[in-house]
Amino acid sequence: WGLANSWPRIAVRTRERVYPNGRGYTPLEVVDLYAGQDELERAMSERRRSFVQKPPFDLVLFRLHVPLIGTWTLSDGSEVLIWETAPGPQSQSPRQLWYRDVAAGQEGQLLRPHDPGWPPAPWGFPALFAVRLSGA
C-alpha cells in the first residue's frame, strides 16, 4: 500500500497475475560458472549491460564452481596451497583442511563456522572458512 501511494505509477499485482504460468516461471535464473573469478566478473558485467531488456528487475543467482583443494595461483603469480588431511584410524574427528601461503611462509588449519577457535567474521562478510596463520 505504501509503495503504491508513494509512487502512483507503480502497479501492485498478485504473483498469479504477474506470472500466470505458475511459480516455476518467475524471472529467477541460475547461472553456473566453472572457469573461475574472471568468468564470474565477465558474466556479471554482461548481465548488467543486458538489464535494459529484462522486466523491471533482474533476479539471478551466480554459482561459481571451483575446486577448493589444490594449488591456487594468485593474480600476482604467487601460490596458495589447500590440502586435506585424514584423521588417524582411531579418531572420530572429521577430515581437516589446511592452507599455506607459499610466498609468505604462513599456514594454518581452515576452520569451519562450528569449529572451536572460529574467529568472529567481519560484520556483513560471512565467511565459509577462516584460518589463523602461523609461520611454516
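Strands here are DSSP runs of E with at least two residues, numbered from the N terminus. The model shown in these views is predicted.

**View 1. I69 sits in a loop between two strands.** The strands on either side are β2 (59-64) and β3 (70-73). Is I69 buried or exposed? I69 is partly exposed, because its relative accessible area of 44% falls between the 20% limit for buried and the 50% limit for exposed.

**View 2. I69 belongs to a nonpolar surface patch.** Its partners in the patch are L64, V66, L68, W72 and L74. Together the six residues make about 450 Å² of surface.

**View 3. Five residues form the largest nonpolar core.** They are V80, I82, L97, Y99 and L110. Strands β4 (79-85) and β5 (96-101) each give this core at least two residues. Which residues does V80 touch, beyond neighbours within four places in sequence? V80 is in contact with G70, T71, W72, L74, Y99 and R100.

**View 4. Strand β5 has two faces.** L97, Y99 and D101 lie on the covered face. Q96, W98 and R100 lie on the uncovered one.

**View 5. β5 pairs with β4 and with β6.** β4 and β5 are antiparallel, with six bridges. Within this pairing, W83 has W98 as its bridge partner. β5 and β6 (residues 106-111) also run antiparallel, joined by five bridges. Here R100 stands opposite E107.

**View 6. A hairpin links β5 and β6.** Four residues lie between the strands. In this hairpin, G105 has a positive phi near 70 degrees.

Technical notes. Residues are numbered from 1 along each chain as its sequence is written. This is a predicted model: local features need pLDDT of at least 70, side-chain atom pairs count only at pLDDT 80 or more; totals for chains, interfaces and linings use all residues. Side-chain values use heavy atoms; hydrogens and water are left out. A nonpolar core is a set of buried Ala, Val, Leu, Ile, Met, Phe, Trp, Tyr and Cys residues joined through side-chain atoms within 4.5 Å. Buried means under 20% relative accessible area, exposed over 50%, partly exposed in between (1.4 Å probe, protein chains only). Contact means heavy atoms within 4.5 Å. Two strands pair if DSSP finds at least two bridges between them. Patches are made of residues with over 30% relative accessible area and no salt bridge: like charges are joined within 9 Å, nonpolar side chains (Val, Leu, Ile, Met, Phe, Trp, Tyr) within 5 Å. Accessible areas come from the Shrake-Rupley method with a 1.4 Å probe; for residues, only the protein chains shown count as cover. A salt bridge is a side-chain nitrogen of Lys or Arg within 4 Å of a carboxyl oxygen of Asp or Glu.
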